[in-house]
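The exercises below are meant to be worked with the sequence and the 3D structure side by side. Try each task before reading its solution.

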Amino acid sequence: MTHSNQTDTIRHDAPVELAPGSPVGLVAGWGRFPITVAEKLQASGHRVVCVAITGHAGEEIEAVCDRVLWSGVGRFGKHLRFFKREQVHHVTMAGKLFKSDLLYGGSLLLRHLPDLTCVRTFGPLLIGRNKDARDDRLLTAVIDTYQNNQIEICSATSLAPELLVKPGQLTRRTLSPGTTRDAHFGWQIAKTMGGLDIGQAVAIKDGTVIAVEAIEGTDACIARAGQLCKRGGWTLVKVSKPNQDMRFDVPTIGTQTVQNVADAGGVAIAIEADRTILLDHDDTIRLADRLGVAIVSISADQVANANDATRFANAS
């Protein structure tokens, strides 16, 4: 019997029809992802108009975009006016925003000086007795505000679908039977966490959950796994959420993830096929091979079939 998670994923990554040479907006956070997206867009002949989030985006974003506005995350109205002046009708978001620092690093008003548009967008979620700062609620509020201003937020993977990794063994090193069991078990844990909007990654060894990702992000989860499992040999599992909106918060790995896992004593990374972005593909695989970290991309059907086989064996 096979299973599929196609119906529980809100993909929003169908190809977007853009006029040749039309400008595309990019909201850039931390990491390599926004650089890669900008490069892909320029290679397709589009002007890249970027809002680079101060304190998150790297200066190298300047070299791969046609227009760049550096701005604090709270200047939401300024972002919209900039995109409108540049005649942008489609915007994609790429790169991490450090939520723990943004929301809990001190006074929101004093640190971010939010403008009126920002207050109207996030005020009902962040102020008062009915606060709700879950990622999905915050990002849905962003999408609604953009749509109200006749700007569509689209998935980066709809603009560069080749970023999504296909199923298969990606490295020379393969998963041992024990590591494979950990990957399948960790998948179920990570999916449950994602459904609760907690995080999308888990570190696991011998069927024991060592560390889970929450507000601090995957890199901190990896570091904690290394601190708690000094013998090493653990596996990182990173998957999409059930009902994943592919316009934001798509699971992503790259060279930094591989290096961090190796430094912390991990031996394998299991990611979800067709739902995970693999940055700098060739460089990432070469680094993993050099460091002896196995990377495998597995589908929901593979996990379900393995679980079915285990239940059948246990019942026999």
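**Exercise 1. Find where pLDDT stays under 50 over residues 106-110, and state how many contacts beyond four places in sequence the model has there.**

Solution. Over residues 106-110, pLDDT (the predictor's confidence in each residue, from 0 to 100) stays under 50, and the model has seven contacts (heavy atoms within 4.5 Å) beyond four places in sequence for this stretch. For residues 311-316, where pLDDT also stays under 50, the model has zero such contacts. Next, take the elements, for which helices (H or I, at least four residues) and strands (E, at least two) are DSSP runs numbered from the N terminus: helix H4 (residues 108-112) has the lowest mean pLDDT, 49, and strand E9 (residues 234-238) the highest, 98. Finally, the chain averages a pLDDT of 85, with 84% of the residues scoring at least 70.

This is a predicted model, in which local features need pLDDT of at least 70 and side-chain atom pairs count only at pLDDT 80 or more, while totals for chains, interfaces and linings use all residues. Residues are numbered from 1 along each chain as its sequence is written, and side-chain values use heavy atoms, with hydrogens and water left out.

**Exercise 2. Trace the open sheet of five strands and say which strands stand at its edges.**

Solution. Counting two strands as paired if DSSP finds at least two bridges between them, the order is E3-E2-E1-E4-E5, with parallel pairing. Strand E3 (67-71) and strand E5 (152-153) each have a single partner strand, so one side of each is left without a neighbour in the sheet. Helix H1 (residues 33-43) packs on this sheet, touching E1, strand E2 (47-53) and E4, and its direction makes about 175° with that of E1 (angles run from 0 to 180 degrees between N-to-C directions of axes, which are lines fitted to C-alpha atoms, for helices over the stretch in contact). Within the sheet, four bridges join E1 (residues 23-28) to E4 (residues 90-94), and Ala28 has Ala94 of E4 as its bridge partner.

**Exercise 3. Describe the open sheet of six strands and the helix H10 that packs on it.**

Solution. The order here is E6-E13-E11-E9-E7-E8, with mixed pairing. The edge strands, E6 (168-169) and E8 (208-212), each pair on one side only. E6 pairs with E13 (residues 294-298) in the antiparallel sense over two bridges, and Ser297 of E13 is the bridge partner of Gly168. H10 touches E9, strand E11 (266-272) and E13, its direction making about 145° with that of E11.
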